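Visitor: Could you walk me through reading a structure like this one, feature by feature?
Guide: Gladly. Let us look at it together.

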Amino acid sequence: MRKILSSDTIRLLIPALSLTILLISVFYLQPRAMSYTGLNLLFNLSVPIALATIAQMLIMTVNDLDLSMGTFVSFIACVAATFLQATPVLGILILAAAVATYAAMGVLIHVRNLPSIVVTLGMSFVWGGLAVLILPAPGGQAPEWIRAVMISKPPFVPMAIIASITIAVVSHFLIMRSSFGVILRGVGGNARSVERAGWSIIRARAATYALAAVFAILAGISLVGLTTAADANIALRYTLLSIAGVILGGGEFTGGRVSPIGAVIGALTLTLAGSFLSFLRISPDWQIGAQGAILIVVLGLRLLLNRLERREKRA
Amino acid sequence: MKFRKMLLASAALACVAMPIQAMADTAAKKIALSNNYAGNSWRQAMLTSWEKVTGEAVKAGVVAAADPFTTAENQATEQAAQIQNMILQGYDAIVINAASPTALNGAVKEACDAGITVVSFDGIVTEPCAWRIAVDFKEMGRSQVEYLSKKIPAGGNLLEIRGLAGVFVDDEISAGIHAGVAQFPQFKIVGSVHGDWAQDVAQKAVAGILPSLPEVIGVVTQGGDGYGAAQAFDAAKRPMPTIVMGNRQDELKWWKEQKEANGYETMSVSIAPGVSTLAFWVAQQILDGKEVKKDLVVPFLSISQDTLDASFASTQEGGVANVEYSQADAEKVIAEAK
């Protein structure tokens with residue numbers, strides 16, 4: 001039995017189970033949600049959250065934490081709704097510069113041995129400031145093509161579900177199956193041994209940050225595709241949501257233990273928890289607390305599982 | 001007129017007699033309030049007004065339900081999700097106080113496409129399919145300078161306290177204030193700080209900038225920051241300028257105390273939180289089949305030296321001076337817009 005279910009599978013089981021339970025409760029409370037449109041409405045806003053969660057997960061793979069995720073996604077949303085729409089070439093250049101900045105951040109954190117929390121917190125003010133400079137008042141317009149993608153209605157399965165599955169599969173292969181992913185997780189798990197094996201840690205970190213930036217950029221662009229316009233404060237919540245999503249999905253803050261599929265499920269669970277509470281008609285005064293309670297229950301299950309896992313190892 | 005009344009009466013009778021007939025009637029309609037923030041006195045008063053007025057309307061059978069929802073965090077993305085949930089819950093109309101005028105457009109469009117009436121107020125949305133009950137924030141800013149020009153014709157230096165950076169209400173009021181200064185050039189804005197519409201933030205911000213300022217004769221504000229500004233001037237032992245207040249109870253209380261102690265004179269202006277009830281009635285009117293223009297304007301509530309005592313008496317401790325609207329008020333606002 002122990003051989004059949006690896007600990008990684010069990011790790012994935014809890015988030016998958018909590019998502020299923022929440023989904024069943026939502027369907028029970030609101031049968032209307034059990035339809036093509038219903039599922040799309042429930043999940044389309046979790047697509048950018050899932051992408052931001054993957055970005056955060058990449059940073060967490062190398063034992064860092066990105067506190068600028070929310071402001072960065074907001075900044076990207078502003079760029080997407082202005083430059084990318086009006087002057088695509090300039091827009092792409094800005095996005096490329098943003099990726100380069102992230103890579104440089106990774107190098108800086110590694111070379112100067114700085115705590116990532118401090119660097120990214122500092123950067124969050126830079127991104128926030130740039131976003132307000134680009135869009136002093138909310139506005140802009142989503143590029144036609146991304147709007148078309150986000151509101152597309154593929155046959156049988158809603159766009160939101162297809163997108164979530166694609167994100168999960170792509171990032172799973174990138175991080176769990178590719179040699180690049182192995183090095184990444186190695187940096188988080190035991191940087192010294194990876195270095196001794198002849199890999200450049202600095203390059204791995206820079207690549208991780210750059211890749212995280214790419215996912216965050218996709219998050220910003222897809223968000224604008226959904227909202228049709230941007231706002232300098234549009235995604236501030238994504239910082240905490242992305243961290244919570246990773247943890248909910250079975251990731252750890254340290255040690256390179258992450259799960260891309262889990263992270264996507266975590267992001268979906270977080271979105272669904274909000275809908276669940278709103279369908280329950282819990283008074284707004286209690287909603288924040290109830291949302292926290294759901295998180296605590298799921299994380300409590302995780303802790304319990306970790307303890308079982310440890311006991312098993314000891315046995 | 002009489003004929004129309006008779007027609008209406010017979011229509012109402014027909015509705016009662018034959019409920020199946022598809023006459024304009026909102027008794028079975030459900031309206032939801034999507035609110036993005038409840039963390040200050042203004043929003044609390046707004047929610048209280050909503051519950052009071054819609055509670056009576058539901059009891060009277062005007063609508064079937066009028067449920068208020070507030071997002072746990074003041075974020076556009078969360079409110080967009082909330083609106084999408086309301087679509088699923090099958091509401092006939094959604095009344096919105098939006099976190100962002102643009103970031104909800106996608107969700108609002110989804111609601112419109114689902115045949116839902118969307119009415120936004122205070123924090124309005126720009127999506128063309130929604131109705132907007134807007135406050136003329138520019139005029140609110142300009143009128144402050146106009147008032148000061150009457151009180152102090154010689155003019156002088158002004159300190160501007162702004163709201164939350166990046167929020168359009170802040171830009172609008174500030175633009176109005178600057179337009180006012182352009183109109184009355186004897187005034188000059190010598191300093192500008194962000195008070196975030198909160199007394200403590202405003203107090204800190206004003207205390208920070210005061211030492212660098214020449215003599216200030218007036219403070220133009222956005223509401224929720226006047227009392228904090230007064231405290232800062234007091235602590236710095238600077239002569240008290242004319243601070244325009246924002247209808248908050250603590251501001252009115254301070255003003256009243258000063259008025260009794262030394263005849264302090266100022267004005268106070270803000271929007272009544274009860275505008276939520278106006279939005280409710282407008283939504284009800286639209287559901288009732290009335291033709292309503294997409295853009296409506298709600299007057300702001302200003303308090304003068306003469307009306308201070310009455311307004312203060314009717315304002316709750318920690319609350320905001322308020323007016324609640326009736327169905328007749330909504331009909332009037334709709335008729336005026338035509």
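Guide: Domain bounds come from an automatic or database domain assignment. Please keep in mind that this is a predicted model.

Visitor: Which domains does the assignment give for chain B?
Guide: There are two entries for chain B: domain 1 (16–129 + 272–299 + 324–337) and domain 2 (137–244). Taken over C-alpha atoms, the centres of domain 1 and domain 2 of chain B are separated by 33 Å.

Visitor: Now the interior. How many residues does the largest nonpolar core have?
Guide: The general idea first: in soluble globular proteins, nonpolar side chains tend to be buried together. Here the largest nonpolar core has 195 residues, and A:Ala216, B:Val119 and B:Val282 are those with the most contacts inside it. Helix α11 (residues 201–227) of chain A supplies the largest share of this core, 15 residues.

Visitor: Why does this core lie between domain 1 and domain 2 of chain B?
Guide: Because domain 1 (16–129 + 272–299 + 324–337) and domain 2 (137–244) of chain B both give residues to this core.

Visitor: Which residues is B:Val282 in contact with, leaving aside its neighbours within four places in sequence?
Guide: The partners of B:Val282 are B:Val119, B:Trp131, B:Ile133, B:Val292, B:Leu296, B:Ala330 and B:Ile334.

Visitor: Let us turn to helix packing. At what angle do α6(A) and α11(A) pack?
Guide: For a pair of helices, read the angle, then the axis distance, then the residues in between. Helix α6 (residues 88–111) of chain A packs on α11(A) at an angle of about 145°, with the axes 8 Å apart. The crossing of α6(A) past α11(A) is right-handed. On the α6(A) side the contact includes A:Leu95, A:Ala98 and A:Tyr102, and on the α11(A) side A:Ile201, A:Arg205 and A:Ala213 are among the residues. By class, the contact of α6(A) with α11(A) has 17 nonpolar, three polar and one charged.

Visitor: And what is the angle for α5(B) and α6(B)?
Guide: Helix α5 (residues 137–151) of chain B and α6(B) pack at about 35°, and their axes are 7 Å apart. This crossing of α5(B) and α6(B) is right-handed. Among the residues in the contact are B:Phe137, B:Met140 and B:Val145 of α5(B), together with B:Ile173, B:Ile177 and B:Val181 of α6(B). The residues of this contact divide into nine nonpolar, five polar and five charged.

Visitor: How many residues of chain B are in contact with chain A?
Guide: On the chain B side 31 residues touch 33 residues of chain A. The elements of chain B that give two or more residues to that side are β2 (65–70), α3 (76–89), α4 (105–113) and α6 (168–183). Eleven residues, the largest share, come from α3(B). By class, this side of chain B has 13 nonpolar, 13 polar and five charged residues.

Visitor: Last, the backbone. Which sign of phi should I expect?
Guide: Most residues other than glycine have a negative phi. B:Asp196 has a positive phi of about 55° although it is not a glycine, and B:Trp197 has a positive phi of about 60°. B:Asp196 is in the loop between β7 (187–194) and α7 (199–209) of chain B, and B:Trp197 is found in the loop between β7 and α7 of chain B.

Visitor: Is B:Trp197 buried or exposed?
Guide: B:Trp197 has 24 C-beta neighbours inside 10 Å, so it counts as buried; the cut-off for buried is 20 or more. B:Asp196 is buried too, with 23 other C-beta atoms within 10 Å.

Note on methods: Residues are numbered from 1 along each chain as its sequence is written. Chains are lettered from A and ligands numbered from 1 in the order in which they are written. This is a predicted model: local features need pLDDT of at least 70, side-chain atom pairs count only at pLDDT 80 or more; totals for chains, interfaces and linings use all residues. A nonpolar core is a set of buried Ala, Val, Leu, Ile, Met, Phe, Trp, Tyr and Cys residues joined through C-beta atoms within 7 Å. A residue is buried if 20 or more other C-beta atoms lie within 10 Å of its own, exposed if 12 or fewer, and partly exposed in between; C-beta atoms are placed from the backbone. Helices (H or I, at least four residues) and strands (E, at least two) are DSSP runs, numbered from the N terminus. Two residues are in contact if their C-beta atoms, placed from the backbone, lie within 7 Å. Axes are lines fitted to C-alpha atoms, for helices over the stretch in contact, and angles run from 0 to 180 degrees between N-to-C directions. A crossing is left-handed if the near helix is turned anticlockwise from the far one by less than a right angle, and right-handed if clockwise. Ala, Val, Leu, Ile, Met, Phe, Trp, Tyr, Cys and Pro count as nonpolar, Asp, Glu, Lys and Arg as charged, and the others, Gly among them, as polar.
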